[in-house]
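Here are a few notes to read with the structure open beside you. They follow some charged side chains first, then a polar one.

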Amino acid sequence: MCPKNVERRPIAPGLPSIWARVTSRLAVKDGEVLYSKETEWDVTNPDPEYHYKAIMDALKIAKEKLGSEVEAIGGSATGTVGANNEATWCDIFPNVPPDVYKARVVDIFQRMAKDLAGDVPLKVINDGEVTALAAVQKLDGKGNVMG
């Protein structure tokens, strides 16, 4: 369940274009939110290293706020995320050429986790699944939901 002291507000209002995306990061320790922030970045950039750096810079700030080691990492992304956290197809990288995408984006979440925290548990899922999970929790597990 989402911690109570997390600000809940829409992400989309005020974004300058449909191709801007927001990376949100959250540092939680023992159920308490220590840090929560959203940062915009340009998804139209065709260089995977630009995306890697933009997301990692944001994650490193969140890690610093923990004040201790990272024990696990969870995240969400648009598109198709494989069972082993592969970015099979994600529209947050729309201009990365297919051959470059296959070579340098498919494993981007795995590389980020390893570079940030070593061999800790990692789970990245589709953001629609995150939405559905939030709806299920809001409804106390009763009813029909879509995400």
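1. A quick definition before we start: a salt bridge is a side-chain nitrogen of Lys or Arg within 4 Å of a carboxyl oxygen of Asp or Glu. Keep in mind that you're looking at a predicted model. By that rule, the count comes to five salt bridges, and three of them are picked out below, beginning with D119 and K114.

2. Take D119 and K114: their closest N and O atoms are 2.6 Å apart. That is within 4 Å, so the pair passes the cut-off. How accessible are the two partners? D119 has 71% relative accessibility and counts as exposed, because exposed means over 50%. K114 comes in at 47%, which makes K114 partly exposed.

3. Now look at R104 and D47. Their side chains meet in a salt bridge, with 3.6 Å from N to O. The two ends come from distant parts of the chain, 57 residues apart. R104 sits in helix 2 (residues 98-104), while D47 is in the loop between strand 2 (32-42) and helix 1 (48-66). Both are partly exposed: R104 has a relative accessible area of 32%, and D47 is at 35%.

4. R104 has another partner, too. The side chains of E49 and R104 form a salt bridge at 3.2 Å, N to O. E49 lies in helix 1 and R104 in helix 2, so this pair ties together parts that are 55 residues apart in sequence. E49 is partly exposed as well, with a relative accessible area of 33%.

5. Put those two pairs together and you get a network of salt bridges linking D47, E49 and R104. When you go through the structure, try finding R104 and then tracing its links to D47 and to E49.

6. One more spot deserves a look: N95, in the loop between strand 5 (87-89) and helix 2. Which residues does N95 touch, leaving out those up to four places away in sequence? The answer is T44 and P46. N95 and T44 are 51 residues apart in sequence, yet their C-alpha atoms are 5.7 Å apart in space.

7. Zoom in on that N95 and T44 pair. A polar atom of the N95 side chain lies 2.7 Å from the backbone oxygen of T44. Is N95 buried or exposed, or something in between? N95 is partly exposed, with a relative accessible area of 40%.

Conventions:
Residues numbered from 1 in each chain as written. Predicted model: local features only at pLDDT ≥ 70, side-chain atom pairs only at ≥ 80, totals over all residues. Heavy atoms only, no water. Helix = DSSP H or I, 4+ residues; strand = E, 2+ residues; numbered from the N terminus. Buried < 20%, exposed > 50% of the residue type's maximum accessible area, 1.4 Å probe, protein only. Contact = heavy atoms within 4.5 Å. Polar contact = N/O pair within 3.5 Å; in protein donor to acceptor, adjacent residues only side chain to side chain.
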